[in-house]
Amino acid sequence: MPFTRLASATTPTAHLGLGLAAVGRPAYITLGREAELPGNRTPEAMRARTHELLDAAYAQGVRYFDVARSYGRAEEFLAAWLSEHPEADDVVVGSKWGYTYVGEWRTEAEVHEVKDHSLEVFERQSAESRELLGDRLDLYQIHSLTPDSPALTDTALHERLARLAAEGVTVGFSTSGPAQADAIRAALAVTVDGEPLFRTVQSTYNLLETSAGEALAEAHEAGLTVIVKEAMANGRLAGGQEPRDLHLVAEAAGTTPDAVALAAVLRQPWAGVVLSGAATVAALHANLLATAVELDEAQLALLAELVEEPEVYWRRRSELPWQ
């Protein structure tokens with residue numbers, strides 16, 4: 001598996017990855033984004049910002065980069081960076097299929113992405129991903145699996161994914177929504193020829209939304225690599241948006257709220273890779289400080305009180321504006 005390369009990495013930041021959702025397209029649902037990105041979000045400007053982030057992340061020891069077909073031109077930006085940096089042959093690249101970007105590079109688009117987990121969409125998007133990333137594509141994930149997704153029961157899709165795995169690409173899935181735990185457990189039960197299909201799971205887990213924790217521990221025990229996304233809750237845990245108790249813990253720890261939020265996730269024994277979704281190099285450097293943050297039991301107890309009910313968390317997330 002490509003993830004064995006991450007397991008052998010020795011840098012303190014090897015368990016942090018960089019997700020490019022916020023910089024591969026002009027609009028996303030991260031709070032405070034308008035102050036972090038170029039005012040003129042042309043493809044050229046966003047490509048330059050993406051490459052700055054990749055340069056900084058790689059220099060600081062980050063070795064996992066995460067993109068998706070629906071992240072606008074993120075795969076293209078990453079592919080260009082990889083081509084320009086042949087020395088970066090130790091990075092692991094993950095992408096996702098199942099959402100199609102339809103925003104036409106407009107921040108005010110009524111619809112930015114369309115979900116479809118059919119075999120037909122997999123064939124189209126996997127060809128698009130491979131055209132851009134070639135043999136640098138290490139991991140391909142079903143994007144935002146939910147318990148009602150047809151991808152959980154489509155045996156023809158399962159067989160096709162198994163063939164992809166036989167070609168050397170790790171097959172995984174990501175989850176979203178208040179029933180993440182149910183989706184994870186359903187996916188763990190999917191087999192092809194008696195063998196588990198999925199080798200990685202990427203789920204939302206943060207100080208506000210912890211409901212997938214037990215299922216992620218089960219996935220880890222089953223041998224899957226767990227990737228954590230949205231550890232910053234789409235900007236709700238940093239940049240002045242953070243809850244008062246998180247701010248107080250960060251002050252007491254002598255660090256920033258984002259570093260504390262990431263550190264709380266990194267300490268989970270099942271967390272293999274925790275993604276930073278930083279849109280600036282300064283924010284990325286602040287995120288990477290999480291590896292040095294130590295939290296005592298009193299601080300952890302205070303942070304545990306921030307948890308929201310899953311339905312409340314996901315409703316609030318759905319209300320965040322694309323900006």
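The side chains of R73 and E76 meet in a salt bridge, with 2.9 Å from N to O. This contact belongs to a predicted model, in which the structure holds 17 salt bridges and 8 aromatic pairs. Its strands include 8 that close into a barrel with parallel pairing. The points below take up the charged pairs, the barrel, the aromatic residues and two residues with positive phi.

**Salt bridges**

- Side chains of opposite charge can pair when their charged atoms come close.
- In the pair formed by R73 and E76, R73 is partly exposed, with a relative accessible area of 31%. E76 is also partly exposed, with a relative accessible area of 24%.
- A salt bridge also joins the side chains of R130 and E167, at 3.9 Å from N to O. R130 lies in helix α4 (residues 119–133), while E167 lies in the loop between α5 (155–166) and β7 (170–175), so this pair ties together parts that are 37 residues apart in sequence.
- R130 counts as partly exposed, at 32% relative accessibility, whereas E167 counts as exposed, at 51%.
- Salt bridges with shared partners join R69, E75, R124 and E128 into one network.

**E75 and its surroundings**

- E75 is found in helix α3 (residues 74–84), and its side chain meets that of R69 in a salt bridge of 2.4 Å, N to O.
- Both partners of this salt bridge are charged residues in buried positions: E75 has a relative accessibility of 1% and counts as buried, and R69 counts as buried at 17%.
- Leaving aside residues up to four places away in sequence, E75 touches V67, A68, R69, S95, E128, S129, L132 and L133. Two residues of this list, R69 and E128, are also members of the salt-bridge network that includes E75.

**The barrel**

- Strands of a sheet pair through backbone hydrogen bonds, either parallel or antiparallel.
- The barrel has the strand order β1-β2-β3-β6-β7-β10-β11-β12, and the pairing is parallel. From one strand to the next, the twist averages 25°.
- Strand β1 (residues 16–19) pairs with β12 in the parallel sense over 3 bridges. Within this pairing, L18 stands opposite S276 in β12.
- Helix α5 packs on the sheet and touches β3 (92–97), β6 (139–145) and β7. The direction of α5 makes about 130° with that of β7.
- Strand β6 is largely enclosed by the rest of the structure, because 7 of its 7 residues are buried.
- On one side, β6 pairs with β3 in the parallel sense over 4 bridges, and G94 stands opposite L139 in β6.
- Strand β6 also pairs with β7 in the parallel sense, over 5 bridges. The bridge partner of Q141 in β7 is G172.

**Aromatic residues**

- A pair of aromatic rings is described by the distance of the centres and the angle of the planes.
- The structure holds 8 aromatic pairs. One of them is formed by Y205 and W270, an edge-to-face arrangement with 4.9 Å centre to centre and 90° between the planes.
- This pair links distant parts of the chain, 65 residues apart. Y205 lies in the loop between β10 (200–204) and α7 (213–221), and W270 lies in the loop between α9 (257–266) and β12 (273–276).
- Y205 and W270 are both buried.
- Elsewhere, Y58, F65 and W81 form one aromatic cluster. R63 lies over the face of Y58, at 3.7 Å from the ring centre.

**Residues with positive phi**

- Most residues other than glycine have a negative phi, and most peptide bonds are trans.
- E104 has a positive phi, near 50°, and is a residue other than glycine. E104 is found in the loop between β4 (99–101) and β5 (113–115) and is exposed, with a relative accessible area of 61%.
- W105 also has a positive phi, of about 55°, although it is not a glycine. W105 is found in the loop between β4 and β5.

Note on methods
Residues are numbered from 1 along each chain as its sequence is written. This is a predicted model: local features need pLDDT of at least 70, side-chain atom pairs count only at pLDDT 80 or more; totals for chains, interfaces and linings use all residues. Side-chain values use heavy atoms; hydrogens and water are left out. Rings of Phe, Tyr and Trp (its six-membered ring) pair if their centres lie within 6.5 Å; planes under 30 degrees apart count as stacked, over 60 as edge-to-face and the rest as tilted. Buried means under 20% relative accessible area, exposed over 50%, partly exposed in between (1.4 Å probe, protein chains only). A charge sits over a ring if NZ of Lys or CZ of Arg is within 6 Å of the ring centre and within 35 degrees of the ring normal. A salt bridge is a side-chain nitrogen of Lys or Arg within 4 Å of a carboxyl oxygen of Asp or Glu. Contact means heavy atoms within 4.5 Å. Two strands pair if DSSP finds at least two bridges between them. Axes are lines fitted to C-alpha atoms, for helices over the stretch in contact, and angles run from 0 to 180 degrees between N-to-C directions.
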